[in-house]
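Dear colleague,

I am handing over the structure we spoke about, and below it you will find my notes on what was found in it. Please read them with the coordinates open beside you.

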Amino acid sequence: MSDQKTIQEIENEIVEEFSLFDSWDDKYEYIIDLGKKLPVLEDKHKLDENKVRGCQSTVWLVADYIDGKVHFKADSDAVIVKGLISMLIRVLSGHTPDEIIQASLGFIQKIGMTTHLAQTRSNGLLAMVKQMKNFALAYKIKNTMSHGERSAETKSN
Amino acid sequence: MIQSNTITKELDVYAIRQQFPALNRQVKGQPLVYFDNAATTQKPQVVIDALVDYYTNYNANVHRGIHTLAEEATAAFEASRDAARQFINAASREEIIFTRGTTEGINLVAFTWGRKNIKAGDEIIITEMEHHSNIVPWQLLCEEKGATLRVIPQLNGELLLDEYKKLLSSRTKLVSVVHVSNALGTVNPVEEIIKLAHQAGALVMIDGAQSSVHLDIDVQAMDCDFFAFSSHKVYGPTGIGVLYGKKHILEAMPPFQGGGEMIKEVSMLKTTFNDLPYKFEAGTPNIGDAVVLKAALDYVSKVGKEKIRNHEKELLAYATEQVQQIPGIRIIGSAAEKVSVLSFVIDKVHPQDIGILLDNRGIAVRTGHHCAQPLMFCFGIPGTIRASFAMYNTKEEVDKLIVGLQKALKMLL
Ligand SMILES: Cc1ncc(COP(=O)(O)O)c(C=O)c1O
């Protein structure tokens, strides 16, 4: 448990990986590869209610809450977007609601993805981040309501 | 020297490019290839200069002051109205109403003429290839009035006129049709559509957002009742457009918004309205952009629409032919009459991915549904990749697009 990387550590890892690429083509090739490798979401999850709004392509996002940690699964019909979500999942999945809510996600800017993607598409990326944080917030609230004071203990684990 | 004939007929695209400063810029370290002209065109230096000149030298409110600046601004504002009249060959300047653009022009007609004339049980006809701005205003109106919206279907990008004839009846009060489809490039047979509508006793509104920059517009010959276009798609500034309406129809219409400029006299009991076109231009208009519209229209006329059209036709034919080399490509919209728009999809690839990777090479195309979701639905696709051409585009740029597409596919597949 204690050897689990923090969100910040994973973000740093990604920034370091991207620093090895010399060209945008290389970066995109990597992102496309991530997109292709992300497991497809089962059809039962591909519902309207799981769609992330504000994206030109269709993005589905679902979350699970297991042992105090939020786990994300996502899919998209566009592969670059899928690669971007794959990175977000790598960074955020398996962390506590509080950690997810507080994540700065500065890596997106550091790897050049906010400036590089045009407004509408980067809004899509922001929409995904917002949706993931919303899930975390919802679990946190649910958690506080059902466990009362115990939520504080879960956090310090 | 001997070829003076061809020189006057052909566009000197390289000289033209010099006049558009935006084309000099680099995007992602590459020279910009701008193929999103159906969304908005880049602006020539004369247009940019005219805007600076207005704000530098004669910015004033129009129609009110008697001082020199106000007179100069008013003269320029009204000269622009005359230029717009001439551009679409309207019979009189009273028929030219300044709007924010095509969208506002259509909404103005729906709100004023529509609210006065459309009743429960009436029908309005549009087509399957409308931009959302020629769908939603009519939907709202129909909902409010209990009227019905009817839709002319299309096949492979061409309207089915036989179906249109079946839709027409004495219940039809208005037919509102896009002249040139922004998503497909189809040039619709508006003359025939108008003639048939008039025979049925209906009025016709033409959405000229895409046609006004490519085709010679003659609203009198066309005999449409309303025609709307946007300055920003005709190399002019954003935020200004024109609504044309036949004078007797405009005169019978109630005003749009209330305020200054549109009134003759106001008392607390009754207000009398100003004459055309001011009746529909409440408040201080967008003077700066209206003034500059003239510079844009003059520029287009000076270059020559026919030359521009021939050049764009050649580009479209070349691009259509070249793009077929791409495996898995499907061109969306194959009407016989098309201008300047090449819309396509590629097997197993999302348009957005292509758009991102082309942008990465400095190539600007549009991807998505192009504000025509019902049309995309008909084709069974979420959207297309659209390259749309303007007077300053070249075959070399089309070649870059093809290479860009090939490289993108290599990365994606
Ligand atoms: C066919 C068509 N109609 C209407 C519009 C709306 O024009 P505007 O946004 O300038 O009001 C557009 C613009 O994209 C268009 O292409």
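A polar side-chain atom of His131(B) lies 3.3 Å from an oxygen atom of the ligand, in what is, please bear in mind, a predicted model. Two further polar distances belong with it: the side chain of His232(B) places an N or O atom 2.8 Å from an oxygen atom of the ligand, and for Lys233(B) the distance from a polar side-chain atom to a ligand oxygen atom is 2.6 Å. Taken alone, the ligand would expose 390 Å², of which the protein buries 85%.

How many residues surround the ligand, and which of them are the closest? The number is 13, and the closest are Thr103(B), Asp207(B), Ser230(B), His232(B) and Lys233(B). By class, the shell around the ligand divides into 9 polar, 2 charged and 2 nonpolar residues.

One of those closest residues, Asp207(B), also leads into the sheet architecture of chain B, where Val178(B) stands opposite Asp207(B) in β10(B). The two strands concerned, β9 (residues 172–178) and β10 (residues 203–207) of chain B, pair in the parallel sense over 5 bridges. Both belong to an open sheet of 7 strands in chain B, whose order is β4-β12-β11-β10-β9-β5-β6 and whose pairing is mixed. At its edges are β4 (96–99) and β6 (148–152) of chain B, each of which pairs on one side only. With direction ignored, neighbouring strands of this sheet are turned by 20 degrees against each other on average.

Chain B also contains an open sheet of 4 strands, with antiparallel pairing and the order β15-β16-β19-β18. Here the edge strands, each pairing on one side only, are β15 (329–331) and β18 (366–368) of chain B. The average turn between neighbouring strands, again with direction ignored, is 30 degrees in this sheet. Helix α12 (residues 305–323) of chain B packs on the sheet and touches β15 and β16 of chain B, its direction making about 10 degrees with that of β16(B). Within the sheet, strand β16 (residues 341–346) of chain B is joined by 4 bridges to strand β19 (residues 384–388) of chain B, the two running antiparallel, and Val341(B) stands opposite Ser388(B) in β19(B).

Turning to chain A, strand β1 (residues 59–66) and strand β2 (residues 69–76) run antiparallel and are joined by 8 bridges. In this pair, Ala63(A) has Phe72(A) in β2(A) as its bridge partner. The hairpin that β1(A) and β2(A) form has 2 residues between the strands, and in it Asp67(A) takes a positive phi near 50 degrees.

Finally, two backbone details in chain B may be worth your attention when you look through the loops. Asn156(B) has a positive phi of about 50 degrees although it is not a glycine, and this residue is found in the loop between β7 (154–155) and β8 (158–159) of chain B. Elsewhere, the peptide bond from Leu276(B) to Pro277(B) is cis, with omega near -5 degrees, and Pro277(B) is found in the loop between β14 (271–273) and α11 (287–303) of chain B.

With best regards

Definitions and conventions. Residues numbered from 1 in each chain as written. Chains lettered and ligands numbered in written order. Predicted model: local features only at pLDDT ≥ 70, side-chain atom pairs only at ≥ 80, totals over all residues. Heavy atoms only, no water. Pairing = 2+ DSSP bridges. Axes fitted to C-alpha atoms, helices over the stretch in contact; angles between N-to-C directions. Contact = heavy atoms within 4.5 Å. Near = heavy atom within 4 Å. Polar contact = N/O pair within 3.5 Å; in protein donor to acceptor, adjacent residues only side chain to side chain. Areas by Shrake-Rupley, 256 points an atom, 1.4 Å probe, with all protein chains shown as cover. Nonpolar A, V, L, I, M, F, W, Y, C, P; charged D, E, K, R; others polar.
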